[in-house]
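Please open the model in your viewer and keep the selection tool at hand. The tour below goes from stop to stop, saying at each one what to select and what is found there.

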Amino acid sequence: MATSKTENISTIIDGKRVIVKKPELLAPAGNLEKLKVAVHYGADAVFIGGQEYGLRSNAGNFTWEEMKEGVEFAKQYGAKIYVTTNIFAHNENIDGLEDYLRGIASAGVAGIIVADPLIIETCKRVAPEVEVHLSTQQSLSNWKAVKFWKEEGLHRVVLARETSGDEIQEMKEKVDIEIETFIHGAMCIAYSGRCVLSNHMTARDSNRGGCCQSCRWDYDLYEVDNGEEKALFSKDDSPFAMSPKDLKLIESIPRMIEMGIDSLKVEGRMKSIHYVATVVSVYRKVIDAYCADPDKFTIKQEWLEELDKCANRETATAFFEGVPGHEEQMFGVHGKKTKYDFAGLVLDYNEESKIVTLQQRNYFKRGQEVEFFGPGMENFTQIIDKIWDEKGNELDVAKHPLQIVQFKVERPLRPQNMMRKELV
Amino acid sequence: MNKPELLVTPLSVQHVKKLCEAGADAFMIGEQRYGLRMASEFSKEQCQQAITIAHEYGKKVYIAVNGIFHNDKVDELNDYLLFCEQAGADAIVFGDPAVLMAARESTPHLPLHWNTETTATNYYTCNYWGKKGAKRAVLARELSMDAIIEMKENAEVEIEVQVHGMTCMFQSKRSLLGNYFLYQGKALEIENRKEQKNMLLHDPERSNKYPIFEDENGTHIMSPNDMCIIDELAEMIEAGVDSFKIEGILQSSEYVTAVTALYRKAIDACIEDPEAYEEIKDQWLEEIEALQQPHRPLDTGFFFKETVY
């Protein structure tokens with residue numbers, strides 16, 4: 001029954017240990033463009049939202065046509081698509097569910113991520129070819145509950161973000177089921193699915209995708225003393241806050257791979273393509289490097305620096321490495337941390353003339369230092385010289401969003417490579 | 001017409017006796033090691049005493065085992081369930097499927113009530129847990145009256161609805177008060193206060209104050225008002241809702257006893273003489289209003305409130 005002991009994680013080839021059970025790298029995508037970027041930058045699977053039953057009613061969610069196109073695109077790279085259908089449904093959401101799940105199946109989606117047994121059971125009945133993955137919204141925290149869901153026929157469980165590495169290890173040893181854990185991104189400070197602050201404060205249903213993130217607001221702390229309410233802190237103190245730092249488990253990836261965790265998940269369907277590309281490419285490199293030579297593996301400083309280039313907030317390891325304390329929360333003034341901005345997407349590169357054709361995504365100008373990055377390449381920086389528009393007119397600045405511009409880049413680039421600039 | 005059960009969370013063993021006399025039909029008790037947000041801690045011995053008293057009055061006792069369990073406590077569940085059965089508990093309240101699994105192993109005949117608080121939002125899912133072994137589903141507090149009635153009409157399990165008191169809005173595993181005190185460098189000064197249950201989060205924009213406290217299960221934030229629908233029971237009684245719950249957490253035992261006595265009158269009147277209930281119900285509401293602390297206004301929860309998403 002000890003899965004990780006019977007299951008081969010690694011083997012010896014020519015005297016060197018290599019990892020044979022490589023975990024899936026699972027990335028978020030809020031729209032088709034992000035999906036393509038995620039796959040292109042190395043994701044093995046991408047999770048997306050459809051028009052209904054998902055938990056991000058504000059995210060750019062996929063139409064049926066986009067979902068089909070996404071699946072077809074991913075297939076060319078051997079990547080899978082999962083659809084989040086993880087609301088806790090109300091009676092009024094029952095009608096239409098069967099058709100919705102049949103639609104997901106006919107789009108060729110590999111699996112759905114579900115919290116509500118209504119949706120689990122309906123999917124098993126009307127779309128049995130679609131895998132069912134239990135969402136983190138169920139706050140699954142112990143091996144016996146994992147066993148319950150295994151017996152219910154689920155293919156995979158996404159654990160609560162409150163579980164530690166030691167606990168996951170025990171689950172993996174006791175139950176033979178695919179386990180998916182979060183490795184990077186924003187997270188709830190509450191047990192997922194057990195927070196209705198949003199319902200009370202703004203009449204928006206958090207468990208049906210309406211969460212207004214009131215946990216990220218500032219509050220005052222009072223105490224009631226003999227029926228009298230008084231503030232516990234003065235105006236000079238930082239207000240009471242509950243915001244967690246974002247999750248970043250890059251340094252725990254080796255342990256996760258050795259434990260046999262099946263899927264490593266990056267959060268962020270609302271995040272930009274720059275974010276998706278950066279995070280996915282870094283974790284791709286970490287996973288590949290570790291699997292190729294686990295015993296000589298070290299985390300490269302450049303990977304850590306690269307991840308920081310798209311960080312929205314401070315980061316922490318949360319529960320994986322133990323119980324998080326005050327250092328893992330954000331108090332006081334916490335502005336945007338990002339020091340870099342996405343500046344352009346490479347459309348073409350002419351090897352002979354060394355001219356790049358690029359779609360502008362943010363203001364940049366002649367004389368500015370920019371950095372290029374992409375899957376399977378070393379990042380490099382360069383100072384931009386002359387810039388031309390599509391008609392060959394010389395420009396001092398590229399200031400129009402989505403404008404097509406050209407300039408000289410010494411080292412070769414490929415379509416889908418990205419250009420970022422440092423913020424000053 | 002079936003008479004719904006009046007379920008109360010008592011504040012002590014002695015309180016159980018008073019509540020029996022005030023008209024409660026059933027009690028939910030437990031300890032924070034296994035149960036969430038109990039009105040008071042009931043050790044195993046106290047559970048035993050409470051059950052003895054309640055059974056003398058012909059009342060029922062349910063023990064809360066509704067925590068979100070991690071591996072460390074899972075191995076204790078079987079023993080605790082066996083204790084509950086031997087002590088004579090009439091049911092176990094659970095949320096985590098691990099409890100269901102443990103119950104199948106050690107106490108297959110002990111009735112189970114499914115209560116995750118926030119996730120019992122449709123009748124299909126209530127019936128699903130019914131098929132897995134639950135006898136009753138405790139509905140989420142964020143449902144409208146219409147949704148509750150529809151759930152009862154389609155439910156194959158008993159339906160329990162909270163009708164009075166505070167509700168939980170949030171549970172984190174983290175020590176959010178303790179962490180804040182540490183961050184402020186005032187841990188020693190006020191650390192011992194965090195479990196005293198007299199703290200409020202002030203939300204200036206909505207002028208709301210939310211009770212907040214910590215225990216073994218993490219940090220809990222509660223609703224700013226006490227829900228009270230003593231004057232709106234008729235429709236649910238008619239639909240056959242099986243149990244009405246009065247939540248005693250963060251209230252005094254005198255308050256809970258007084259409120260229980262009023263709901264007893266209201267339920268009895270509604271069954272025996274619906275017209276009389278309609279005539280007198282506003283008076284009961286006023287009597288409860290008079291019992292409220294200044295920082296705990298009454299409201300009707302989500303019974304008549306629309307949420308969007």
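Colour chain A by burial to begin with: of its 424 residues, 49% count as buried. Bear in mind throughout that this is a predicted model. If you now switch chain A to a cartoon view, you can go through its 11 helices and 24 strands. The radius of gyration of chain A is 23 Å, close to the 22 Å that the globule rule gives for 424 residues, so chain A is as compact as a globular protein of that length. Turn chain A along its principal axes, and its C-alpha trace spans about 70 × 65 × 50 Å. Among the contacts in chain A with a separation of 6 or more, 65% are made by residues 24 or more positions apart.

**The two domains of chain A**

Next, give separate colours to domain 1 of chain A, which takes in 3–191 + 243–328, and to domain 2 of chain A, which covers 340–422. Taken over C-alpha atoms, the centres of domain 1 of chain A and domain 2 of chain A are separated by 32 Å. Where these two domains touch, 9 residues from domain 1 of chain A and 7 residues from domain 2 of chain A take part in the contact. On the side of domain 1 of chain A that touches domain 2 of chain A, select helix α10 (residues 273–292) of chain A, which gives the most, with 3 residues. That side of domain 1 of chain A is made up, by class, of 3 nonpolar, 5 polar and 1 charged residues.

**Residues 339–420 of chain A**

Now select residues 339–420 of chain A, for which UniProt, in an unreviewed entry, lists "domain: Peptidase family U32 C-terminal". Over residues 339–420, chain A is 0% helix and 52% strand, and the C-alpha atoms at the two ends are 10 Å apart.

Which strands should be picked to follow the open sheet of 8 strands in chain A? Its order is β19-β18-β24-β15-β16-β23-β20-β21 (chain A), and the pairing is antiparallel. At the edges are β19 (380–383) and β21 (394–395) of chain A, each of which pairs on one side only. Within this sheet, zoom in on strand β15 (residues 340–350) of chain A and strand β24 (residues 418–422) of chain A, which pair in the antiparallel sense over 5 bridges. If you label Asp341(A), you will find that its bridge partner in β24(A) is Lys421(A).

Move from there to Leu402(A), in the loop between β22 (397–398) and β23 (404–408) of chain A. Although Leu402(A) is not a glycine, it has a positive phi of about 70 degrees. Is Leu402(A) buried or exposed? Leu402(A) has 8 other C-beta atoms within 10 Å and is exposed.

**Across to chain B**

Show both chains together and select the residues of the contact, which takes 53 residues from chain B and 56 residues from chain A. Several elements each supply at least two residues of the side of chain B that touches chain A, including α3 (71–87), α4 (97–106), α7 (176–184) and β9 (199–203) of chain B. Of the elements on this side, α7(B) gives the most, with 6 residues. The residues on the side of chain B that touches chain A divide into 26 nonpolar, 16 polar and 11 charged.

Strand pairing also crosses between the chains: strand β10 (residues 220–225) of chain A is joined by 4 bridges to β9(B), and the two run antiparallel. Label Glu223(A) here, and look opposite it for Met199(B) in β9(B).

Then select α4(B), which is mostly covered, with 7 of its 10 residues buried. Among the buried residues of α4(B) are Pro97(B), Val99(B), Leu100(B) and Met101(B). The elements that cover the buried residues of α4(B) include α6 (143–151) of chain A, as well as α3 and α5 of chain B.

**Last stops in chain B**

Colour chain B by its division into domain 1 (5–167 + 225–299) and domain 2 (171–219). The centres of these two domains of chain B, taken over C-alpha atoms, are separated by 26 Å. Here 7 residues of domain 1 of chain B are in contact with 6 residues of domain 2 of chain B.

Finish at Arg37(B), in the loop between β2 (26–29) and α2 (44–56) of chain B. Phi of Arg37(B) is near 50 degrees, a positive value in a residue other than glycine. Arg37(B) is buried, with 22 other C-beta atoms within 10 Å.

Note on methods: Residues numbered from 1 in each chain as written. Chains lettered and ligands numbered in written order. Predicted model: local features only at pLDDT ≥ 70, side-chain atom pairs only at ≥ 80, totals over all residues. Domains from an automatic or database assignment. Nonpolar A, V, L, I, M, F, W, Y, C, P; charged D, E, K, R; others polar. Rg over C-alpha atoms; globule rule 2.2 N^0.38 Å. Buried ≥ 20, exposed ≤ 12 C-beta atoms within 10 Å, placed from the backbone. UniProt positions renumbered as here; feature names shortened; annotations may be inferred. Pairing = 2+ DSSP bridges.
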